[in-house]
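Visitor: I would like to learn how aromatic pairs are read in a model such as this one. Could we go through them step by step?

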Amino acid sequence: MGFSNRQSGVFLVLAAAMLWGTSGTAQRFAPGGYDPLVIGALRLLVGGAALLCLAVWRRELGHFHDWNWPQVLGAALCISSYQLCFFAGVHLTGVAVGTMVAIGCAPVLSGFFGHFLFGERLRPRWWLATLLAVTGCTLLGLGSAALHVNIWGILLALGAGLVYAAYNFFLKALLARHPPTAVVAVASGGGALLLLPVLWRCDPLWLLQWRSVAVALYLGLVTLALSYWLLARGLRGLPASTVVTLGLAEPVTATLLGLVVLGERLHGLSAAGIVLVFAGLLVLAAPLPRRGAGQGRIGGREET
């Protein structure tokens, strides 16, 4: 039995989120003394360049006048701003609180964006899944480390969640007229150009080490190029609000990798958080009940 477009979209987005979840573990293999902002800029540069080469090779970019450039600029600003806001927020308020705020607020913000700006209907399934997953993400943060709260770090983390939610809507709008590879290539390439000044902070001696090159290539090619390509394909069959909630598989993946690869310990709150996030994802991944040809849409609006 084949998968519906919705189920295929769910699996594609979950795969993307799991790849994002490997980013933190990958950075642990970088040589000491790296700058997180430089890592973010390198990730966008490598991933954006790879996607642009693929889009050119497949002749999917089209003509200049085919693109809605305000939407492209919006997507590029969002993906570049996310790198800066997230890493700066984590630096000021700690990994636990920064990640908890940034990733936890994104589904709620996305749901309100989708409902009030784009007419997406928020079904009870979405509310339940989001409540479970956000609560689970909060428990993951509370159980991972000693908490340190910094108001500016919290505001930056909220900004990261905001621009991540907005990025998905810009991406979805562009996907209505362009192939996934072309869309993520243009958005990521534009974001990389905006972050080029950050690379002036990079120590050339650090960058020339083979472990630095390996980490930059993995982060760019796998956790950005491949993951955002999967995300874009998944967005074609799902509302953006659902996609952002499914992205909460990222912290679960990061936690599990910390246990298996880095030998970290699992606290009781973190274990409960993993269970709740999985429960929320299962609620979203379950097939919609059959209701005829109009399934998944009401009055021309997407259902979450």
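Guide: Let us start with a single residue: Tyr82 counts as buried, because its relative accessibility is 15%, where buried means under 20% relative accessible area, exposed over 50% and partly exposed in between, with a 1.4 Å probe and protein chains only. This is a predicted model, in which local features need pLDDT of at least 70 and side-chain atom pairs count only at pLDDT 80 or more, while totals for chains, interfaces and linings use all residues. Residues are numbered from 1 along each chain as its sequence is written, and side-chain values use heavy atoms, with hydrogens and water left out.

Visitor: How many aromatic pairs does the structure hold?

Guide: A pair of aromatic rings is described by the distance of the centres and the angle of the planes. Rings of Phe, Tyr and Trp (its six-membered ring) pair if their centres lie within 6.5 Å, and planes under 30 degrees apart count as stacked, over 60 as edge-to-face and the rest as tilted. The structure holds eight such pairs, among them Tyr82 and Phe86, which are stacked at 5.5 Å centre to centre with 10° between the planes.

Visitor: Where do Tyr82 and Phe86 lie in helix α4?

Guide: They are four residues apart in helix α4 (residues 69-93), and are therefore separated by about one helical turn; Phe86, at 15% relative accessibility, also counts as buried.

Visitor: What is the geometry of Trp126 and Trp127?

Guide: Their ring centres are 4.9 Å apart and their planes stand at 75°, so this pair is edge-to-face. Trp126 is buried at 2% relative accessible area, whereas Trp127 is partly exposed at 43%.

How values were computed: Helices (H or I, at least four residues) and strands (E, at least two) are DSSP runs, numbered from the N terminus.
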